[in-house]
Amino acid sequence: MGNPVRNFEIVGDEGKSLSEFYSKVFDWKMNEYEVGYYGFKTGTESDRGIEGHMYPPNDEIPLVDDVPFGNNVTIYVVVDDIHATLEKLDSIGGKTLMPPTVVSEKGEQLAMFLDPEGNRIGLYQPN
């Protein structure tokens, strides 16, 4: 048995605008379960998308070895059209960080962008 990704988190000060950004780019349905705290699913039951959470930074969380809680982990979101997705997110407050790059002989592509809060997120387009 492998180790599939089950959940991920995006931390940002402006939860409402950040949740709207991701809803517009990827059609994720956001549910605000507490002021500033959001839960969402990245797919349907049939495609088994993973769950995510979005919340503001929390300075009260203890640090391990003085590593700031705000450090991020890059996740890669599967998209059908990597170019169209980058155009869309650039038009609503995101910023392309790495343009689409072919990474295999099959034609798979990766790209990276910054969301409006400065989180680095990857895009993956299979061939």
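F8, F21, Y22, F26, W28, F40 and F113 come together in one aromatic cluster. The model described here is a predicted one. In total, the structure contains 11 aromatic pairs. This briefing covers two of these pairs and then turns to a charged patch on the surface.

**Aromatic pairs**

- The structure's 11 aromatic pairs include a stacked one between Y22 and W28, with ring centres 5.6 Å apart and an angle of 10° between the planes.
- Both Y22 and W28 are buried, and both are members of the aromatic cluster named above.
- Y33 and Y37 supply another of the pairs: their ring centres lie 6.4 Å apart and their planes meet at 50°, so this pair is classed as tilted.
- Y33 is partly exposed because its relative accessibility is 48%, a value in the class that runs between buried, under 20%, and exposed, over 50%.
- Y37 likewise counts as partly exposed, its relative accessible area being 26%.

**Negative surface patch**

- D80, D81, E87 and D90 make up a negative patch on the surface.
- One of these residues, E87, belongs to helix 2, which spans residues 82-91.
- E87 has a relative accessibility of 59% and is therefore counted as exposed, the cut-off for that class being over 50%.

Key. Residues numbered from 1 in each chain as written. Predicted model: local features only at pLDDT ≥ 70, side-chain atom pairs only at ≥ 80, totals over all residues. Heavy atoms only, no water. Patch = residues over 30% accessible without salt bridge, like charges linked within 9 Å, V, L, I, M, F, W, Y side chains within 5 Å. Areas by Shrake-Rupley, 256 points an atom, 1.4 Å probe, with all protein chains shown as cover. Salt bridge = Lys/Arg side-chain N within 4 Å of Asp/Glu carboxyl O. Lys, Arg positive; Asp, Glu negative; His and termini not counted. Charge placed at Lys NZ, Arg CZ, Asp CG, Glu CD. Helix = DSSP H or I, 4+ residues; strand = E, 2+ residues; numbered from the N terminus. Buried < 20%, exposed > 50% of the residue type's maximum accessible area, 1.4 Å probe, protein only. Phe/Tyr/Trp six-rings, centres within 6.5 Å; stacked < 30°, edge-to-face > 60°.
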